[in-house]
Amino acid sequence: MSNLKKILCEKISCKSIWFMRQAGRYLPEFREIRKKNKDFIKLCLDYELSSQITLQPIKRFNLDSAIIFSDILMIPYALGQGVEFIKDHGPELSEINLNHLFSNKKEKEFIKVLSPVYKAIEITRKKLDKSKSLICFVGAPWTLLVYMLKLKNRKNEIQLDKINNKNFEIENIINELVKYLCIHIKNQINAGADVVQIFDSWAGLIPNKKFKNYCFAPAREMVKFCKENNIPNIYFPKGLREKYESFNKFVNPDGINLDPEVDPLWAKDKLKNVVLQGGLDPKVLLGAEEDMLQKATKYIQTFKDVPYVFNLGHGLLPETDPDRVKRLIEFYRQN
Ligand code: CP3
């Protein structure tokens, strides 16, 4: 194992369990706070509350890692784009003005807007037991662009005309975003986060000829940045199917999160020199308990002799029963 992978294993423990979206709407204690805080962005920027929400699932379930409560869309927000979260609908971003968005001298303002995130990490790291890791995150450039340029329709299809009709190169915007994402990663680590997870949730929607430019190349840049700065990293290129293999070879992250479409046995065979994480479909927590445990067993058994962090193939769903989460953690720890 390379040095940084060893560090990742030390930091996160490669026999540990946490969940994406472990702090969120399925928890009554989160809904209680959310009810009183209608503006989601403001909530993310309230460092006391953000820290409190981050620790809710740790208190309830004694999970091995905490993930800081924030959102990937804080990046366009900090760059000056309007971001609003509409109830039962999701995020809505204002029309983008790219010249304005990437005008010079943005860096100071960007860091200033995001400083409550760093403060939240600082105070959370102090409250969190030393044996547990604190995970920070960013969205990958492509996934951010899906929201920033409103590329996706309601059927989750990319509207290609929106890419082709613009008088700018997507690649240029991606490069610009990478710069800001690296700043945000570094600042979060300096504030006390142990590991970064990079979410490319919509990687599976990239047009075929563009995977290299929109996903692989910026991922390699960001992972290179992490390596140069000794930052343990986990990449989640969701929806890549068999391209997970070439992604891993080209990008070579320390850790890689699987999605439910990736067969665990295939992953174990094809994804080498990388710490594997996750994969279990969050929908199985909504069905029969027996089925949930059986599907979890497949991951636990397949990866029992390799470094593997137990997690899901996407975030916990809002309708999940917290007792199911408890049962799954208990089951994992018994096995
Ligand atoms: O994992 C965690 O517990 C940490 C917090 C976290 C949130 N968002 C809080 C959140 C993380 C890691 C994210 C990442 C995120 N945000 C992604 C990548 C992962 C993924 O889910 O694919 C994306 C694409 C977003 C953008 C986003 N934020 C959407 C599409 C939505 C609305 C729909 C939804 O899933 O809730 C959000 C809102 C959001 N982010 C909520 C939370 C807890 C729900 C806010 C509410 O209470 O209404």
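**Exercise 1. Find which side chain makes a polar contact with the side chain of Asp 254, and describe where Asp 254 sits.**

Solution. In this predicted model, the side chain of Asn 233 makes a polar contact with the side chain of Asp 254, at 2.8 Å. The next step is to place the residue in the chain: Asp 254 belongs to the loop that runs between α12 (243-251) and β8 (255-258). Its relative accessible area is 1%, and because buried means under 20%, Asp 254 counts as buried. Finally, leaving aside residues up to four places away in sequence, Asp 254 touches a set of residues that includes Leu 4, Lys 5, Leu 8, Lys 227, Ile 231 and Val 274.

**Exercise 2. Decide whether Ser 70 is buried or exposed, and name the residues that Ser 70 touches.**

Solution. Begin with the location, which is the loop between β2 (65-67) and α5 (74-78). The relative accessibility of Ser 70 is 11%, and since the limit for buried is under 20%, Ser 70 is classed as buried. When residues up to four places away in sequence are not counted, Ser 70 touches Cys 44, Val 117 and Phe 137.

**Exercise 3. Check what span helix α11 should have, and compare it with the distance between its end C-alpha atoms.**

Solution. Helix α11 covers residues 211-228, which makes 18 residues, and at 1.5 Å a residue it should span 26 Å. The expected span is taken as 1.5 Å times one less than the number of residues. The end C-alpha atoms of α11 are 24 Å apart, which agrees with the expectation. Turning to the side chains, the buried residues of α11 include Phe 211, Tyr 214, Phe 216, Met 222 and Val 223. Just after α11, Asn 230 takes a positive phi of about 55°.

**Exercise 4. Describe what surrounds the ligand, and how much of the ligand the protein buries.**

Solution. The ligand is surrounded by 23 residues, of which the closest are Arg 21, Arg 25, Arg 34, Asp 71 and Ser 201. Sorted by class, this shell holds 13 nonpolar, six polar and four charged residues. Next come the atom pairs: an N or O atom in the side chain of Ser 201 is 2.6 Å from an oxygen atom of the ligand, whereas for the side chain of His 314 the corresponding distance is 3.1 Å. Taken alone the ligand exposes 860 Å², and the protein buries 87% of that. The elements giving two or more residues to the shell are α2 (28-36) and β4 (90-93).

Methods
Residues numbered from 1 in each chain as written. Predicted model: local features only at pLDDT ≥ 70, side-chain atom pairs only at ≥ 80, totals over all residues. Heavy atoms only, no water. Helix = DSSP H or I, 4+ residues; strand = E, 2+ residues; numbered from the N terminus. Buried < 20%, exposed > 50% of the residue type's maximum accessible area, 1.4 Å probe, protein only. Polar contact = N/O pair within 3.5 Å; in protein donor to acceptor, adjacent residues only side chain to side chain. Contact = heavy atoms within 4.5 Å. Near = heavy atom within 4 Å. Areas by Shrake-Rupley, 256 points an atom, 1.4 Å probe, with all protein chains shown as cover. Nonpolar A, V, L, I, M, F, W, Y, C, P; charged D, E, K, R; others polar.
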